[in-house]
Amino acid sequence: MTNSIDVNADFPRIPRINEPAPDFEANSTQGPIKLSSYTGKKWVVLFAHPADFTPVCTTEFIGFAKYAKDFEKLNVQLLGVSEDSNFSHLAWIDNIKQNFDVSIPFPVIDDRAGQVAAKFGLIHPNESQTATVRALFIIDDQGLIRAFIYYPLTTGRSVEEVLRVVEALQVADKHKVATPEGWKKGDKVIVPAPATQAAAEIRHTEGYDTVDWYFSKKSLPVDAVD
Ligand code: BEZ
């Protein structure tokens, strides 16, 4: 008997890193959205919430609104989505403005048809049979999924962490480096390890902050992310 697992059997299809994001067209609080229309132009952070008019989701929306300008500076389009109606989204956005004096600057998608939920594996039946989990996808300007998280209904996401990951991905792409635990803009980055014995032998001569042949860091120019 083999021990192989069919990763697609009996599971919702969950998009994987570096796969093209599944395309969809849907209505939103700012008009029709076609995900692929951002390809070649902008990064996208697509985030699902379980339901409008709920407290944890409200705190997350306030967080995304707080950092919206920072996402904009990184050329990121924020897109919220849930299985609530457009009217519900509009009423909730208005309610957030009334209660918290916070304007929601990004579109919120009406996914009553469940197409986004199906394509992005947002229903996790052991968590909820009906509500989408707190999933979030970072999609680059080539339309590829670069990172994602799935959180349960009870746990609000850290918007600051999402921003940090987008920054880290963009720096890694631009400078062909990696970023260490907790990296933030301005911190040193990881230089790729040498791939040959000859390259390893000279690594300590290359002017990096080198601890060992496989572990080197360097500083980037101050405006490296911009
Ligand atoms: C909330 O956002 O507070 C929430 C939403 C769905 C289930 C539980 C909590």
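Trainee: What makes the pairing of threonine 54 with the ligand a polar contact?

Mentor: A polar side-chain atom of threonine 54 lies 2.9 Å from an oxygen atom of the ligand. A polar contact is a pair of N or O atoms within 3.5 Å; within protein, one must be able to donate a hydrogen and the other to accept it, and residues adjacent in sequence count only if both atoms are side-chain atoms. The value of 2.9 Å falls within 3.5 Å, so the term applies. This is a predicted model, in which local features need pLDDT of at least 70 and side-chain atom pairs count only at pLDDT 80 or more, whereas totals for chains, interfaces and linings use all residues. Residues are numbered from 1 along each chain as its sequence is written, and side-chain values use heavy atoms, with hydrogens and water left out.

Trainee: At what distances do proline 55 and arginine 134 approach an oxygen atom of the ligand?

Mentor: For proline 55 a backbone N or O atom is 3.3 Å from a ligand oxygen. For arginine 134 an N or O atom of the side chain is 3.0 Å from a ligand oxygen. The ligand on its own has 260 Å² of accessible area (Shrake-Rupley method, 1.4 Å probe; for residues, only the protein chains shown count as cover), and the protein covers 74% of that area.

Trainee: Which residues are near the ligand, and how is the shell divided by class?

Mentor: A residue is near a molecule or strand if one of its heavy atoms lies within 4 Å of it. Pro50, Thr54, Pro55, Val56, Cys57, Arg134 and Leu153 surround the ligand. The shell holds five nonpolar residues, one polar and one charged. Helix α1, residues 55–66, contributes the most to the shell, with three residues.

Trainee: Why is strand β3 described as largely enclosed?

Mentor: Buried means under 20% relative accessible area, exposed over 50%, and partly exposed in between (1.4 Å probe, protein chains only). Six of the six residues of β3, residues 43–48, are buried, and the strand is therefore largely enclosed by the rest of the structure. In a regular strand the side chains alternate between the two faces of the sheet. On one side of β3, Trp43, Val45 and Phe47 are buried, as are Val44, Leu46 and Ala48 on the other.

Trainee: How do you know that β3 pairs with β4 and with β6?

Mentor: Two strands pair if DSSP finds at least two bridges between them. Six bridges link β3 to β4, residues 76–82, and these strands run parallel; valine 45 faces leucine 78 of β4. Four bridges link β3 to β6, residues 134–139, in the antiparallel sense; phenylalanine 47 faces leucine 136 of β6. Both bridge counts satisfy the minimum of two, so both pairings stand.

Trainee: Why is serine 28 called buried, and where is serine 28 found?

Mentor: Its relative accessible area is 2%, so serine 28 is buried. Serine 28 is in the loop between β1 (25–26) and β2 (33–34). A polar side-chain atom of serine 28 is 3.0 Å from the backbone nitrogen of glutamine 30 and 2.6 Å from the backbone oxygen of glycine 31. Beyond four places in sequence, serine 28 is in contact (heavy atoms within 4.5 Å) with Ile33, Asn86, Pro107, Val108, Ile109 and Asp110.

Trainee: Why are phenylalanine 53 and lysine 176 put in their respective exposure classes?

Mentor: Phenylalanine 53 has a relative accessible area of 44%, so it is partly exposed. Lysine 176 has a relative accessible area of 61%, so it is exposed. Phenylalanine 53 lies in the loop between β3 and α1, and lysine 176 in the loop between α5 (159–175) and β8 (189–191). Phi is near 55°, a positive value in a residue other than glycine, for phenylalanine 53 and likewise for lysine 176.

Trainee: What joins β9 to β10, and how many helices and strands does the protein chain have?

Mentor: A hairpin connects β9 to β10 through two residues. Strands β9 (residues 209–212) and β10 (residues 215–218) pair in the antiparallel sense over three bridges, with threonine 210 partnered by serine 216 in β10. The protein chain has six helices and 10 strands, where helices (H or I, at least four residues) and strands (E, at least two) are DSSP runs numbered from the N terminus. Of its 226 residues, 42% are buried.

Methods: Nonpolar A, V, L, I, M, F, W, Y, C, P; charged D, E, K, R; others polar.
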